[in-house]
Each structure stands twice: as structure tokens, then as C-alpha cells.
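Here are a few short exercises to work through with the model open beside you. Try each one before reading its solution.

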Amino acid sequence: MSENIGQSPRSDIVGGGLWMAFGAVILGEALRMDRFTAMGASLYTMPGFVPGMVGGLIMLLGAVLAFRGWRRKRAAHMPADAQAGSEPMLNRRVLATFALSMTYAAVLIGRLPFGVSTAIYVAAFIWIFSPPEHSLRRRLANAAITGVATAVVVVLVFEKLFLVTLP
């Protein structure tokens, strides 16, 4: 395994640790924010609620990255034939994800209702990344059901629970 930046297990461990530290700083600062309890604010209306969730999520993803690096470091000590299935960091899946996300953000959002845009995006994502051994009919059905269900849940949660007007 090469020791290129971004591809070595060590860089994943160090990067994961740095992301966890960054998330901890965000979470710590979010907890220090005024909670406006004197004004009757609840847990969900505190100014630091969303940044605190984001900081916690960054910490969690940093831990996942560090764990991945640790697993790869352990695997580096395995025989070469056990490592045969590794892929480059920038592969077709990453490029497809980028293309789908850019299409969603730049083309679909704002031109179609948000729910329809989200259903199309999720369905396309599920269809493209479904296991190739599944039949075309199964892939299309799974993509359509998942896309519509996701769009309905996202729209209902944001508009009814969080009272956010979606584009």
C-alpha cells in the first residue's frame, strides 16, 4: 500500500482525530451559547441546537474515518493476495455521486417542486448504486419506492415538524 497523502491508513487516523477535535470544538461552543430559557425557549429553539448536532455528527464521522484507517492499517500487515480488491480513492462511484448531487442542486432544485426533485434524486441514486446482480425490474421498483418515500418523509418533517418552507 502506498503512503500517498489521503490514501494511507495513517492519514485516515490522523484526519479522523482532527475531525473529531474540530467537532468537539463546535459542540463545546454550541453548549456555551445562551439558551434563552428566561424567554421561554425550549430545547429545539435554542440557538446552539443545530450547531451542536452538526458538531456531534462531525465527531462521529471523524471516529468512523479513524476506525477505517485503523482497519486499513491492520489489513496492511495481511498477505498481498488478501488486499487485491482495493479501489482508487477517486473512482466511478465518487464521480457519479458528485454528478448526481450537482444535478440535484443546480438543475432540479428551483425548477421542480422540492418533493419531486428529491424523489428523482433519491431514485436515481438508488437505481445507479443498486447491486448489478439484481434484475432491472427490482432495481427500478426499489428506486421508485425509496425515492417517493424519502421525498414524502423529508417534506413532511421539514414543513410540519420544523415549520420550514421548502423551495
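**Exercise 1.** State about how much area the protein chain exposes, and which atoms supply 70% of it.

*Solution.* In this predicted model, the exposed area of the protein chain comes to about 12,000 Å². Carbon and sulfur atoms supply 70% of that area. Turning to burial, 21% of the 167 residues count as buried.

**Exercise 2.** Work out which elements make up the protein chain, and in what order they run.

*Solution.* Begin with the count: the protein chain has five helices and zero strands. Read from the N terminus, the order is therefore α-α-α-α-α. Next, take the contacts with a separation of 6 or more: 59% of them join residues 24 or more positions apart.

**Exercise 3.** Check the span of helix H1 against the value expected at 1.5 Å a residue.

*Solution.* Helix H1 covers residues 9–32, which is 24 residues. The expected span is 1.5 Å times one less than the number of residues, so H1 should span 34 Å. Its end C-alpha atoms lie 35 Å apart, in agreement with that value.

**Exercise 4.** Find the buried residues of H1 and name a helix that helps cover them.

*Solution.* Buried here means under 20% relative accessible area. In H1 that gives Pro9, Asp12, Gly15, Gly16, Gly23 and Ala30. Their cover includes H2.

**Exercise 5.** Identify the nonpolar surface patch that contains Val64, and place Val64 in its helix.

*Solution.* Val64 joins Leu57, Leu60 and Leu61 in the patch. Together these residues have about 390 Å² of accessible area. Val64 sits in helix H2, residues 49–75.

Terms used
Residues numbered from 1 in each chain as written. Predicted model: local features only at pLDDT ≥ 70, side-chain atom pairs only at ≥ 80, totals over all residues. Heavy atoms only, no water. Patch = residues over 30% accessible without salt bridge, like charges linked within 9 Å, V, L, I, M, F, W, Y side chains within 5 Å. Areas by Shrake-Rupley, 256 points an atom, 1.4 Å probe, with all protein chains shown as cover. Salt bridge = Lys/Arg side-chain N within 4 Å of Asp/Glu carboxyl O. Helix = DSSP H or I, 4+ residues; strand = E, 2+ residues; numbered from the N terminus. Buried < 20%, exposed > 50% of the residue type's maximum accessible area, 1.4 Å probe, protein only. Contact = heavy atoms within 4.5 Å.
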